[in-house]
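Reader: I have a structure open in front of me, and I would like to learn how to read its features one at a time. Could you take me through some of them?

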Amino acid sequence: MATTASKTGCVVVGGGPAGLVLGLILARAGVRTTVLEKHADFLRDFRGDTVHASTLTLLDELGLGEQFTNLPPRWVDKLTVQLDSGTYGVADLSRLPGSHQHIALVPQWDFLKVIADASRPEPSYELITEAEVTGLLWDESRVIGVSYTRDGEDHRLEADLVVGCDGRSSVVCERARLKSRTFGVPMDVLWFRLPRVATDPAGVVGRISRSNLLIMIDRGDYFQIGFVIRKGSVATLRDQGIEAFRNRLGDIVPWLGDRVERLHSFDEIRLLTVELSRLPRWYRNGLLCIGDAAHAMSPVGGVGINLAVQDAVAAGRILPEQLRRGQVAIKSLRKVQLRRWAPTVLTQTFQRVAHRFVVAARIADDDAAPRPTTAPLPLRLLQRFPLLQGIPGYFVAIGLLPEHAPAFARAGAVRSGPQVRVRGR
């Protein structure tokens, strides 16, 4: 079988949030950019569907705020948790700085479509779907492109830089022999849907009982529910049967009523195997990994997409000049990692603490555990001093080091070939 060959400036592997945002920014810089996505479209359920305040600001800077608002999303400005002792405010996003004092809930495929639609008119941009990357191309110790299959044919795509944005099971990382440091996690998550009625709580609601933990995300006419279970315990739950699971769910959230009966089998429930890991080194000569490919995040805090997008913006600001020259120095790849290292490590440290002191205690097999009569001290302090709710709000909605679109990629920039100038500046 013949193999076709071609050349690009940067090949981005993976059409998720990090890959598409990076592709758009590089294309607006005049860098010839090719994004390879192994699926035919973006329609995959139970993906992270939260668009954070910092990403909303980025969309405004890119001139895409109106397109996103027209989807339309559901806006959330407060996060609450329901304990056996009552309902408590955890994060107040109305206290955030800037114009976006909220997060948005929208199917991830709609968010990705906004980015992809904005990228296609760029003359130096190409999105190739149904392209499954199978390996890397090497020139001695330097990565010079990728091999992929599409429509039953083999392809070689040479590039000045390969960027792996292909998630926690990254083919790019594996082929580059980049090894992750993994951290033990006590949990997995079951994702499923149940109908929502107008009298139900709105927004994002956590439910913590003496031995159960779940999150309910308001999608309008239904809840997307993440039910936290002990790591590796899904087989036991299946053996107990769907009726036992429905009874357990009804005990935890009584106001769901007979809607739990809508779960007919475990075939309607998706398992998310939770990982927490990061690459000690995100790059090799000619190659960079960002987003989940560089650091798999726990769902605690719901910040994985935010970090991935911020990685992409940082890379999109640091790398274009060298990519336009056709040669990316390894020190520039190191600069991207150094820029994003502190927010990654600090966020994962917070998640590890939450795993140990919050999650593990709530999913233990101990039905005889005493039912708490009061909220923990930190939660009581958040109620007594509501101003403090702005701190977790900032962490979730903005993050530890928000990135902003470079001037050449913003709305109002005049782009002509590889040269980019900004109107009025």
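Reader: In which hand does helix 1 pass helix 4, left or right?

Author: Please keep in mind that this is a predicted model. In this model, helix 1 passes helix 4 in a left-handed crossing. The two helices, residues 17-28 and residues 108-119, pack at an angle of about 15°, and their axes are 9 Å apart. Since angles under 35 degrees count as roughly parallel, helix 1 and helix 4 are therefore roughly parallel to each other.

Reader: Which residues of helix 1 and helix 4 meet?

Author: A general idea helps first: an α-helix has 3.6 residues a turn, so residues three or four places apart point the same way. Here Pro17, Leu20, Val21, Leu24 and Arg28 are the residues of helix 1 that meet helix 4, where their partners are Gln108, Phe111, Leu112, Ile115, Ala116, Ala118 and Ser119. Sorted by class, this contact of helix 1 with helix 4 has nine nonpolar residues, two polar ones and one charged one.

Reader: Which residues of helix 12 are buried, and what do they pack against?

Author: In helix 12, which covers residues 390-397, the buried residues are Gly390, Gly393, Phe395, Val396 and Ala397. They pack against several elements, including helix 2 (53-61), strand 6 (86-92), helix 8 (304-318) and helix 10 (330-362). After helix 12 comes Gly399, which has a positive phi, near 100°.

Reader: Is Gln351 buried or exposed, and which residues does Gln351 contact?

Author: Gln351, which is found in helix 10, has a relative accessible area of 0% and is therefore buried, as the cut-off for that word is under 20%. If its neighbours within four places in sequence are left aside, Gln351 is in contact with Leu276, Met297, Ser298, Val300 and Val303.

Reader: How many disulfides does the model have?

Author: In general, a disulfide is a covalent bond between the sulfur atoms of two cysteines. With a cut-off of 2.5 Å between the sulfur atoms, the count in this model comes to zero. Cys10 is in no disulfide, and the nearest cysteine sulfur, that of Cys165, is 8.2 Å away. Cys10 also counts as buried, at 0% relative accessibility.

Reader: Why is Cys289 not bonded to Cys173?

Author: The closest cysteine sulfur to that of Cys289 is in Cys173, and because it lies 3.2 Å away, it is too far for a bond. Cys289 is buried as well, with a relative accessible area of 0%.

Conventions
Residues numbered from 1 in each chain as written. Predicted model: local features only at pLDDT ≥ 70, side-chain atom pairs only at ≥ 80, totals over all residues. Heavy atoms only, no water. Axes fitted to C-alpha atoms, helices over the stretch in contact; angles between N-to-C directions. Helix = DSSP H or I, 4+ residues; strand = E, 2+ residues; numbered from the N terminus. Parallel < 35°, antiparallel > 145°, perpendicular 65-115°, else oblique. Left-handed = near helix turned anticlockwise from the far one by under 90°. Contact = heavy atoms within 4.5 Å. Nonpolar A, V, L, I, M, F, W, Y, C, P; charged D, E, K, R; others polar. Buried < 20%, exposed > 50% of the residue type's maximum accessible area, 1.4 Å probe, protein only.
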